Amino acid sequence: MNRVAKFEKVSYEQFRKDMIETFNLDVHGIDGITTENLIKKLYDEIKLPQRATGGSAGYDFFAPYDLNFPPNRTNKIPTGIRVKMNDDYVLMCFPRSGLGFKYRMRLDNTVGVVDSDYYGSNNEGHIFLKMTNETLDGKELKIHQGDAFAQGVFLQYGITVDDEADGIRNGGFGSTDRKE
């Protein structure tokens, strides 16, 4: 097997910023628990993606906190993870197959595409996953912190012989075609 990538946590500062922005958190906290302490605890407990077996193609992503998906509910999930990979590889992200089969869980962008140059982006290449429970049976899904909920597969890709791409990435969704 080729070893083509390495998962890492984003910095605590990046995770904190993204959690506060994603959930519109009050940094002063509530009920005697400060938001800072809660975010730090979640950050410290983040598990890096890993394969379950030697034959697994996908690296399981683990929930950084408890997730609740009532029917037709969407969650935007800052994973706390980034990945450094060879330039000719891409990480493709999918829901875990059992969740898709049982709950019609899906990524809102169908398949997550993490390019190799995303790692150096101004958000440290922080991987977010946005997922929806599209059950037709009214089933609610609860995923506990540390449970596998998505998977990423590394794929090698090629480019055309006349390719002259020279853009510079600085962000996530749609950042490669922005003229800022």
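A residue counts as partly exposed when its relative accessible area lies between the limits for buried, under 20%, and exposed, over 50%. In the predicted model described here, Asp163 has a relative accessible area of 37% and is therefore partly exposed. Asp163 is placed in the segment that comes after strand S11, which spans 148-156. Together with Asp162, Glu164 and Asp166, Asp163 makes up a negative surface patch.

Charged side chains also occur in pairs. In general, side chains of opposite charge can pair when their charged atoms come close. Eight salt bridges are counted in the model, and three of them are described in turn, beginning with one inside a helix. The side chains of Lys17 and Glu21 form a salt bridge with an N to O distance of 3.2 Å. Both residues belong to helix H1 (residues 12-23), where they stand four residues apart, about one turn of the helix. Lys17 is partly exposed because its relative accessibility is 40%, whereas Glu21, with a relative accessible area of 53%, is exposed.

A salt bridge of another kind of placement joins the side chains of Arg96 and Asp60, at 3.8 Å from N to O. This pair links distant parts of the chain, since Arg96 lies in the loop between strand S6 (89-95) and helix H3 (97-103), while Asp60 lies in strand S2 (residues 59-62), 36 residues apart. Arg96 has a relative accessibility of 33% and so counts as partly exposed, but Asp60, at 11%, counts as buried.

The side chains of Arg106 and Glu134 likewise meet in a salt bridge, with 2.7 Å from N to O. Arg106 is found in strand S7 (residues 105-107) and Glu134 in the loop between strand S9 (128-133) and strand S10 (141-143), so that the pair ties together parts that are 28 residues apart in sequence. Both partners are partly exposed, Arg106 with a relative accessibility of 31% and Glu134 with a relative accessible area of 24%. Through salt bridges that share partners, Arg106 and Glu134 are joined with Asp108 into one network.

Aromatic side chains provide a further set of contacts, and the structure holds seven aromatic pairs. One of these is formed by Phe7 and Phe154, whose rings are tilted, with 5.7 Å centre to centre and 50 degrees between the planes. Because Phe7 lies in strand S1 (residues 5-9) and Phe154 in strand S11, the pair ties together parts that are 147 residues apart in sequence. Phe7 has a relative accessible area of 8% and is buried, and Phe154, at 16% relative accessibility, also counts as buried.

Tyr12 and Tyr43 form another aromatic pair, edge-to-face in arrangement, with 5.5 Å centre to centre and 75 degrees between the planes. Here too distant parts of the chain are linked, as Tyr12 belongs to helix H1 and Tyr43 to helix H2 (residues 35-44), 31 residues apart. Tyr12 is buried, with a relative accessible area of 15%, and Tyr43 is buried as well, with a relative accessible area of 12%. Beyond single pairs, Phe7 and Phe154 take part with Tyr59 and Phe61 in one aromatic cluster.

Definitions and conventions
Residues are numbered from 1 along each chain as its sequence is written. This is a predicted model: local features need pLDDT of at least 70, side-chain atom pairs count only at pLDDT 80 or more; totals for chains, interfaces and linings use all residues. Side-chain values use heavy atoms; hydrogens and water are left out. Patches are made of residues with over 30% relative accessible area and no salt bridge: like charges are joined within 9 Å, nonpolar side chains (Val, Leu, Ile, Met, Phe, Trp, Tyr) within 5 Å. Accessible areas come from the Shrake-Rupley method with a 1.4 Å probe; for residues, only the protein chains shown count as cover. A salt bridge is a side-chain nitrogen of Lys or Arg within 4 Å of a carboxyl oxygen of Asp or Glu. Lys and Arg count as positive and Asp and Glu as negative; His and the chain ends are not counted. The place of a charge is taken as NZ of Lys, CZ of Arg, CG of Asp or CD of Glu. Helices (H or I, at least four residues) and strands (E, at least two) are DSSP runs, numbered from the N terminus. Buried means under 20% relative accessible area, exposed over 50%, partly exposed in between (1.4 Å probe, protein chains only). Rings of Phe, Tyr and Trp (its six-membered ring) pair if their centres lie within 6.5 Å; planes under 30 degrees apart count as stacked, over 60 as edge-to-face and the rest as tilted.
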